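Here are some short exercises to work through with the structure open beside you. Try each task before you read its solution.

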Amino acid sequence: MSIDEDTIAQLVETVRRYTREKLVPLEEKVVEEDRVPDEIIQDFRDMGLFGLTTPEEFGGLGLTAWQEAQILTELTWAAPAFRSLVGINLGLGSQSILKDGTDAQREEWLPRVASGEIITSFCLTEPHSGSDAAALTTSAVRDGDEYVLNGSKRYITNGPIAGLFIVMARTVPERLPKNAHVTAFLVPGDTPGIERGKKDRKMGQSGAWSCDIHLDNVRVPASAILGGEEGKGFRTAMSSLDRGRISVSAACVGTARRALHEAVLYASERTQFGQAIGNFQLIQAMLADSQADLYAAECMLRDVAQRFDQGHRVSLEASCTKMFCSEMVGRVADRAVQIHGGAGYMRDSAVERIYRDARVFRIYEGTTQIQQTIIGKELMKRATA
């Protein structure tokens with residue numbers, strides 16, 4: 001059952017008002033304390049934000065990719081830490097269980113993920129494997145009816161607070177065709193042997209917690225294998241990337257909208273030589289370039305999300321969109337700082353924070369260079385088909 005457009009429009013407007021009236025005033029507090037207040041997390045639960053993409057039968061809203069994108073662009077008018085809190089539950093945390101989990105796993109976990117009772121983390125990256133995800137070394141050795149997991153994961157979003165880890169581990173020592181040596185495990189956060197490292201200190205996105213996760217003889221039952229079958233983990237990791245990249249693109253668009261808003265506002269209020277600096281053509285040029293960048297990104301986002309919802313294969317388009325949008329928001333943020341001048345370099349400026357927050361968009365969910373590689377390979381594949 002799909003949600004009608006009137007209902008979506010009302011939800012978008014609700015999130016829009018909530019973000020601007022409640023979240024924006026909290027941005028400085030989140031930066032200073034490096035945490036999202038507990039009452040905001042509860043608000044997100046009450047609003048159903050953790051379950052936007054989970055089907056209604058499991059307690060979510062079952063939004064399409066385009067509907068989700070509209071919500072996220074409004075939510076990311078405020079600091080990206082707020083979006084980061086729900087991001088894994090909306091993406092790999094729910095979608096991997098939905099697509100590849102057994103019926104029992106869906107029934108056990110999806111309602112709790114959708115309600116926000118459980119915050120999820122996706123454990124793939126390791127100290128020595130990132131873009132080459134299949135080179136991971138975390139091991140899962142069968143011992144009777146259990147598996148014993150050992151290894152370390154790095155930069156794990158929501159790691160300090162996660163109640164469920166989706167852990168990628170090697171069930172076969174050698175590297176197999178189609179990366180069948182990688183298996184996904186559902187590991188509750190209170191399982192003995194899990195050690196959470198110190199919260200990462202990052203350039204930006206204060207309040208968006210991540211940390212290393214260490215697994216020391218962590219025992220899970222064989223039923224913890226996602227989907228109940230070894231060797232499907234890498235497919236699980238890759239299968240939700242298209243939608244994940246659409247989601248990140250939406251966050252980039254929302255952040256760029258806020259940056260441009262701050263730039264236009266400052267240009268209209270700041271005076272030099274007896275007039276608003278927005279009247280000067282070189283300032284107008286930076287504003288115009290930012291608006292054109294943003295408009296192009298919005299069009300790409302709408303197109304790829306709607307194609308995805310129609311069932312088309314969009315790996316090429318999703319990579320193009322993620323690459324363009326993440327580079328775009330960096331350009332827009334940079335111009336916003338330049339328009340603010342010295343004021344934009346001060347820590348009490350919104351654009352200073354946005355500038356730092358935006359930088360990671362070019363790195364996670366596949367770096368710009370990985371997107372270029374995907375796009376280039378796909379073009380060559382099509383040329384030789």
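**Exercise 1. Locate D34 in this predicted model, then work out whether D34 is buried, partly exposed or exposed.**

Solution. Step one is the position: D34 sits in the loop between α2 (27–33) and α3. Step two is the backbone: phi of D34 is near 55°, a positive value in a residue that is not glycine. Step three is the surface: the relative accessible area of D34 is 23%. Buried requires under 20% and exposed requires over 50%, so D34 with its 23% is partly exposed.

**Exercise 2. Carry out the same analysis for N217.**

Solution. Begin with the element: N217 belongs to strand β7 (residues 210–221). Next, look at the backbone, where N217 has a positive phi of about 50° although it is not a glycine. Finally, N217 has a relative accessibility of 48%, so it counts as partly exposed.

**Exercise 3. Describe the surroundings of L26, and find how far L26 lies from G231 in space.**

Solution. Start with the place of L26, the loop between α1 and α2. Its relative accessibility is 16%, so L26 counts as buried. Now list its contacts: leaving out residues up to four places away in sequence, L26 touches P37, I40 and F82. For the distance, compare C-alpha atoms: L26 and G231 are 205 residues apart along the chain and separated by 44 Å.

**Exercise 4. Which residues have the most contacts inside the largest nonpolar core, and which helix gives the most to this core?**

Solution. First, the core itself: it has 66 residues, and L23, I40, F44, I71, F82 and I339 have the most contacts inside it. Next, the suppliers: α1 (5–23), α3 (38–47), α4, α5 (80–90), α9, α10, α11 and α12 (350–358) each bring at least two residues. Helix α9 gives the most, with twelve residues. As background, nonpolar side chains tend to be buried together in soluble globular proteins.

**Exercise 5. Examine helix α10: compare its span with the expected one, and find what its buried residues pack against.**

Solution. Helix α10 covers residues 281–309, which makes 29 residues. From first C-alpha to last it reaches 42 Å, close to the 42 Å expected at 1.5 Å a residue. Now pick out the buried positions, among them I283, L287, S290, D293, L294 and A297. To read such a pattern, recall that an α-helix has 3.6 residues a turn, so residues three or four places apart point the same way. The buried residues of α10 pack against α4, α9 (241–269) and α11 (315–340). One last step along the backbone: just after α10, G311 takes a positive phi of about 90°.

**Exercise 6. Two charged residues, E74 and R243: are they buried or exposed, and what do they touch?**

Solution. Take E74 first, in helix α4 (residues 65–75). Its relative accessible area is 11%, so E74 is buried. Beyond residues up to four places away in sequence, E74 touches V12, V15, R16, T19, R20 and R257.

Now turn to R243, in helix α9. R243 is also buried, with a relative accessible area of 12%. With the same sequence neighbours left out, R243 touches T53, L63, T64, A65, E68, Q95 and F308. R243 and F308 are 65 residues apart in sequence, yet their C-alpha atoms are 7.8 Å apart.

**Exercise 7. How does the radius of gyration of the chain relate to the globule rule?**

Solution. Begin with the inventory: the chain has 13 helices and nine strands. Its radius of gyration is 21 Å, close to the 21 Å from the globule rule for 385 residues, so the chain is as compact as a globular protein of that length. Then check the burial: 52% of the 385 residues count as buried. Last, look at the contacts between residues at least 6 apart in sequence: 75% of them join residues at least 24 apart.

**Exercise 8. What helix and strand content do the two UniProt domain spans have?**

Solution. The unreviewed UniProt entry places "Acyl-CoA dehydrogenase/oxidase N-terminal" at residues 9–117. That span is 70% helix and 0% strand, with its end C-alpha atoms 26 Å apart. The unreviewed entry's annotation "Acyl-CoA dehydrogenase/oxidase C-terminal" covers residues 231–379. Here the chain is 75% helix and 3% strand, and the end C-alpha atoms are 29 Å apart.

Conventions:
Residues are numbered from 1 along each chain as its sequence is written. This is a predicted model: local features need pLDDT of at least 70, side-chain atom pairs count only at pLDDT 80 or more; totals for chains, interfaces and linings use all residues. Side-chain values use heavy atoms; hydrogens and water are left out. UniProt positions are given in the numbering used here, feature names are shortened, and annotations may be inferred rather than shown by experiment. Helices (H or I, at least four residues) and strands (E, at least two) are DSSP runs, numbered from the N terminus. Buried means under 20% relative accessible area, exposed over 50%, partly exposed in between (1.4 Å probe, protein chains only). Contact means heavy atoms within 4.5 Å. The expected span of a helix is 1.5 Å times one less than its number of residues. The radius of gyration is taken over C-alpha atoms; the globule rule is 2.2 Å times the number of residues to the power 0.38. A nonpolar core is a set of buried Ala, Val, Leu, Ile, Met, Phe, Trp, Tyr and Cys residues joined through side-chain atoms within 4.5 Å.
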